[in-house]
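Grab your viewer and work through a few short exercises. Try each task on your own before you read the solution.

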Amino acid sequence: MTGTRGYGHRAAWLTLASALVGILLLVGGAGGGSFAAKPAKAESPITLPEPEPIGYSVEGRPIVAFRLGSGPRPVVIVGAIHGSEGNTETLVHQLLRHFATTLHLLPPEVSLYFLPALNPDGLSRGERYNARGVDLNRNWDSGDWQPDSRDASGRVAGGGGAAPFSEPETKALAEWLFAQRDASGQRVTVLFYHSAYPPNGVVMSGSAGPSVTHPFARVVGYRPASGRWEAYPVTGTAPIWCSHHGLSCFEVELPDHRPLSDAQAQRHAAAILSVLVWEQTRPDQRCFAETGFAWRVASVRSGNRVEG
Ligand SMILES: [Zn+2]
């Protein structure tokens, strides 16, 4: 980041983004979205980037990333950390297709990475854990790692893995994120998608902070949250690890396990664009890592089963 861009440039991006968000929501609201699951028209195929393996699962399945844009600031969208949350993988693919058709609207400073599935083995079985029964959002070297984990089903013996980063999937993503950070010299933003958080979904601030995530929540219509995850105790999570290593991260819990409609996916694309533009306007903003655990996740006290 040169730090020499003037406010006028940023204001122009804000105006552009605001216009795009309006267009996206208008199209989505009219039910006319077409970028998601529908096949591309023969006369205008969508050109997608080649997938790049960042590592391999326990059973040898590739964990791939797609890159759009060539700017120095990495922004990473991760789906299917839990294999039972297949709609997050679908959504990341929907977002990839969308942004591939609107590439010219990306801020030039950004490289946008899409990792549809961190847990391809679990996904192949429709199971939360990886092939060794480890929860890939409890296996990070976050300072509070524990060998046993907890989730909506209760305590899971060995769910945290044999040691922090004992699993090839978490180790691969952590090393890849470090490589992005070190190569770019920029703050890395990471969005982790999960499901499900009924009835309306939630956006958890993480180290990105509410100034980033509240606008996101507003666009998608989910509840913004900060603070601790109260549904059950969690340890060894990716967001905590990110916060300790200067990465700006936040989590989005979809309301349920159903695939998103075109219109719903368009709202997420608009929300991501709002984050990109917001961060563009605040190049000197630093990660809130110093606040440690205080920001950590949140939950509503409700009778709904939360499976994030
Ligand atoms: Zn999850």
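Here are three exercises on a predicted model.

**Exercise 1. Work out how β2 pairs with β1 and with β4.**

Solution. Start with β1 (residues 52-56) and β2 (residues 62-68): four bridges join them, in the antiparallel sense. To check the register, look at Gly55, whose bridge partner in β2 is Ile63. Next, the connection: five residues sit between the two strands of this hairpin, and Gly60 in the turn has a positive phi of about 90°. Now go to β4, which pairs with β2 over three bridges, also antiparallel. Here Leu68 stands opposite Leu112.

**Exercise 2. Find what handedness the β-α-β unit of β3, α2 and β4 has, and say why β4 counts as largely enclosed.**

Solution. First, the strands: β3 (residues 73-78) and β4 run parallel, joined by six bridges. Val75 stands opposite Leu112 in that pairing. Then add helix α2 (residues 86-101), and you get a right-handed unit. Finally, burial: five of the six residues of β4 (residues 110-115) are buried, so the rest of the structure largely encloses the strand.

**Exercise 3. Decide how the buried residues of α4 are arranged around its axis.**

Solution. List them: Glu169, Thr170, Leu173, Ala174, Trp176, Leu177 and Gln180 are buried. Looking down the axis, they fall within an arc of 165°, so they line one face of the helix. The spacing fits a simple rule: an α-helix has 3.6 residues a turn, so residues three or four places apart point the same way. On the other side of α4, Asp182 and Ala183 are exposed. As for the cover over the buried residues, it includes β1, β2, β3, β7 and α6.

Definitions and conventions. Residues are numbered from 1 along each chain as its sequence is written. This is a predicted model: local features need pLDDT of at least 70, side-chain atom pairs count only at pLDDT 80 or more; totals for chains, interfaces and linings use all residues. Two strands pair if DSSP finds at least two bridges between them. A residue is buried if 20 or more other C-beta atoms lie within 10 Å of its own, exposed if 12 or fewer, and partly exposed in between; C-beta atoms are placed from the backbone. A crossover is right-handed if, with the strands pointing away from the viewer, the path from the first strand over the helix to the second runs clockwise. The arc is that of the directions from the helix axis to the C-beta atoms. Two residues are in contact if their C-beta atoms, placed from the backbone, lie within 7 Å.
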